[in-house]
Amino acid sequence: MSGNYGLEKFSHLEDKIYRTIEQFKRERQQRESLEHELKKLRGQIDKMSSDKEKLESQLQRLLGERHKIKHKVEGMIDTIARIDPEAEAAKR
């Protein structure tokens, strides 16, 4: 009877070991999957950061162009106003 009891305990221990191994495998696969996803997300962040820098640079350039055009248009309006007194009155 004690032989069966010992064998039963051993079998139970063996089952626990196999379940632990399977759990370890699942955890490892999940960790690898998360590491892959993290790498992918870091790549996306790097690309977005680069895109952001390019857009900020483009925005500054466009704002500078806008400022130059605004001054040119104001200069043309002032020139027209000096030539045409009615335009000067309309401006006010």
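Ile 21 is partly exposed in this predicted model, with a relative accessible area of 38%. The residue sits in helix α1, which covers residues 2-83. Ile 21 also has nonpolar company on the outside: together with Leu 13, Ile 17 and Tyr 18 it forms a surface patch. The accessible area of these four side chains' residues comes to about 380 Å² together.

Now for the wider picture. The protein has two helices and zero strands. Of its 92 residues, 1% count as buried. About 9,000 Å² of the protein is exposed, and carbon and sulfur atoms supply 58% of that area.

How many salt bridges does the structure hold? There are five, and three of them are set out here, with the distance between the closest N and O atoms.

| Salt bridge | Closest N and O atoms |
|---|---|
| Glu 22 with Lys 25 | 3.6 Å |
| Lys 47 with Asp 51 | 3.0 Å |
| Glu 65 with Arg 61 | 2.8 Å |

Let's take these pairs one by one.

Glu 22 and Lys 25 are both found in helix α1, where three residues, or about one turn of the helix, lie between their positions in the count. Glu 22 has a relative accessibility of 39% and so counts as partly exposed, since that class runs between 20% and 50%. Lys 25, at 41%, is partly exposed as well.

Next come Lys 47 and Asp 51, which also belong to helix α1 and are four residues apart, about one turn of the helix. Is Lys 47 buried or exposed? With 53% relative accessibility, Lys 47 counts as exposed, because the cut-off for that class is over 50%. Its partner Asp 51 is partly exposed, having a relative accessible area of 29%.

The last pair is Glu 65 and Arg 61. What separates these two residues along the helix? Because they are four residues apart in helix α1, the separation is about one helical turn. Glu 65 is partly exposed at a relative accessible area of 36%, and Arg 61 counts as partly exposed at 45% relative accessibility.

To pull this together, helix α1 carries Ile 21, a member of the nonpolar surface patch, and also holds the salt-bridged pairs Glu 22 with Lys 25, Lys 47 with Asp 51 and Glu 65 with Arg 61.

Terms used
Residues numbered from 1 in each chain as written. Predicted model: local features only at pLDDT ≥ 70, side-chain atom pairs only at ≥ 80, totals over all residues. Heavy atoms only, no water. Patch = residues over 30% accessible without salt bridge, like charges linked within 9 Å, V, L, I, M, F, W, Y side chains within 5 Å. Areas by Shrake-Rupley, 256 points an atom, 1.4 Å probe, with all protein chains shown as cover. Buried < 20%, exposed > 50% of the residue type's maximum accessible area, 1.4 Å probe, protein only.
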